[in-house]
Amino acid sequence: MAEEIKITVTRYNPDKEAELKTQTFTIPYHNDWSILDGLNYIKAELDGTLTYRWSCRMAVCGSCGMMVNGTPRLTCSTYLNEFYPGEITIEPLANFPIIRDLVVDLTDFMDKLKEVKPWIIRKNKSDENDTSKEYIQTTAQMDKYYQQTLCINCTLCYAACPVYGLHPDFIGPAVIALGYRYNNDSRDQGKDERRKFLASEDGVWKCTVVGDCTEVCPKHVDPSAVIQRTKVDNATNWFFSFLKGKK
Amino acid sequence: MGLLKKINALEPLWWSLFGLGGMIAAFILPVHLFLHGIAIPMGWVSPDLLSYERMMSVLSSPYGIIVKLFLFSIISFPLFHAAHRIRLTIEDLRIGWLNTIMPLISYGGAIVLSVITIVVLFYKLS
């Protein structure tokens with residue numbers, strides 16, 4: 001008999017039932033199958049109503065983040081062989097409202113993402129539309145923010161962050177990391193504009209340095225370190241503006 | 001709760017003291033723990049080196065002020081470090097009522113103990 005593995009998934013359909021349920025499927029085990037392959041097998045062969053997000057299958061799009069045995073992971077780059085012969089439990093990402101089955105509502109994250117203005121801001125607004133200008137950047141200048149450009153907005157860090165779970169107003173790891181990415185881009189001049197948001201009450205100061213965001217980040221963006229660096233920057237700014245007498 | 005709001009608005013200050021205290025607690029306190037807690041009891045270092053009489057004469061020497069500032073630093077800043085860490089831990093533990101007054105208790109405590117340290121070092125021992 002071919003090898004098999006059990007996958008338990010969360011089921012939720014608010015049109016039919018108000019409560020979350022779980023359902024266990026037994027699927028064929030293949031050493032080279034990702035968990036996403038397993039979910040696709042369930043959807044194709046066992047139950048077409050199972051709902052989940054996915055797209056690229058190669059850890060680039062950031063759609064397929066789910067709780068795998070309690071840890072936020074990208075299901076496309078997490079393999080069945082990591083758990084076999086044990087069982088796998090798949091739940092929707094923690095800390096977000098659930099829309100259906102394994103799909104969560106990311107509206108809150110998307111709103112915060114817009115707030116941090118993740119694009120190049122110029123003091124002279126006409127620069128932004130002037131395509132004739134060149135902004136030359138050295139490799140060293142690019143190194144300052146390159147690591148944070150790798151963020152794919154998968155929101156695993158939000159699912160891992162206990163502070164976000166406790167205070168949903170906290171602007172959260174990925175958004176701060178993206179603010180940092182643009183703040184440290186030599187072509188950008190929007191640091192002060194972003195500071196209002198990043199240094200607000202729900203900004204970097206809410207972070208209690210748990211560090212789980214960095215642990216779960218599939219692209220090694222290291223949000224935790226970036227949040228602490230943003231704190232240093234904001235504290236320095238605070239002291240200087242305090243000395244200058246403007247609060 | 002106006003006072004609590006004001007305390008929370010000083011977050012950059014508390015965090016900076018937290019960082020400073022953390023550095024001291026991580027790099028300087030272990031040296032003292034080693035000296036006082038291990039090296040002297042084990043007899044690797046003569047107890048006379050840090051004897052009461054010797055320390056008092058150091059404090060009253062012209063360089064005493066530097067030693068006093070050093071002692072103040074290794075006592076006061078780690079207190080602020082602890083205050084911030086404990087406050088955040090209480091927050092993570094979701095103890096609601098304690099959470100709201102914790103800034104007052106923790107930072108207030110650190111300030112009071114720092115003031116006592118200053119009084120002892122710069123007034124009682126002068």
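Me: Which residues is L39(A) in contact with, leaving aside its neighbours within four places in sequence?
Reply: Happy to start there, with the caveat that this is a predicted model: local features need pLDDT of at least 70, side-chain atom pairs count only at pLDDT 80 or more, and totals for chains, interfaces and linings use all residues. Residues are numbered from 1 along each chain as its sequence is written, chains are lettered from A and ligands numbered from 1 in the order in which they are written, and side-chain values use heavy atoms, with hydrogens and water left out. Contact means heavy atoms within 4.5 Å. By that rule, the partners of L39(A) are V9(A), L50(A), Y52(A), M66(A) and L102(A).

Me: Which members of the largest nonpolar core touch the most other members?
Reply: A nonpolar core is a set of buried Ala, Val, Leu, Ile, Met, Phe, Trp, Tyr and Cys residues joined through side-chain atoms within 4.5 Å. Buried means under 20% relative accessible area, exposed over 50%, and partly exposed in between (1.4 Å probe, protein chains only). In soluble globular proteins, nonpolar side chains tend to be buried together. Here the largest core has 65 residues, and those touching the most other members are L39(A), L80(A), I88(A) and I90(A).

Me: Which helix gives the largest share of this core?
Reply: Helices (H or I, at least four residues) and strands (E, at least two) are DSSP runs, numbered from the N terminus. Six residues of the core come from one helix of chain A, spanning residues 173-183, and that helix is α6.

Me: Where does this core lie with respect to the domains of chain A?
Reply: The domain bounds come from an automatic or database domain assignment, which divides chain A into domain 1 (4-104) and domain 2 (107-246). Both domains give residues to the core, so it lies between them.

Me: Which three residues supply 50% of the area that domain 1 of chain A buries against domain 2 of chain A?
Reply: Buried area is the accessible area (1.4 Å probe) that two parts lose on being put together, summed over both. The two domains of chain A bury about 1000 Å² between them, 67% of it on carbon and sulfur atoms. On the domain 1 side, more than any other three residues, it is P72(A), N95(A) and F96(A).

Me: How many residue pairs are in polar contact between domain 1 of chain A and domain 2 of chain A?
Reply: A polar contact is a pair of N or O atoms within 3.5 Å; within protein, one must be able to donate a hydrogen and the other to accept it, and residues adjacent in sequence count only if both atoms are side-chain atoms. Between these domains, 15 residues of domain 1 are in contact with 15 residues of domain 2. With both residues at pLDDT 80 or more, the number of pairs in polar contact is four.

Me: Which element gives the most to the side of domain 1 of chain A that touches domain 2 of chain A?
Reply: β3 (65-68) and β4 (71-74) of chain A each supply at least two residues of that side. With four residues, the element that gives the most is β4(A).

Me: Which parts of chain A does the pair K117(A) and E193(A) tie together?
Reply: A salt bridge is a side-chain nitrogen of Lys or Arg within 4 Å of a carboxyl oxygen of Asp or Glu. K117(A) and E193(A) form one at 3.0 Å, N to O, and they are linked with K125(A) and E128(A) in a network. The parts are 76 residues apart in sequence: the loop between α2 (107-115) and α3 (139-149), and helix α7 (residues 191-198).

Me: Are E11(B) and R87(B) buried or exposed?
Reply: Their side chains meet in a salt bridge (3.1 Å, N to O). E11(B) lies in helix α2 (residues 11-27) of chain B and R87(B) in helix α5 (residues 64-92) of chain B. Both residues are buried.

Me: Which helix gives the most to the side of chain B that touches chain A?
Reply: Twelve residues of chain B are in contact with 14 residues of chain A, and the two chains bury about 1200 Å² between them. Zero salt bridges are found across the interface, while two residue pairs are in polar contact. α2 and α5 of chain B each supply at least two residues of this side, and the one that gives the most, with five residues, is α2(B).
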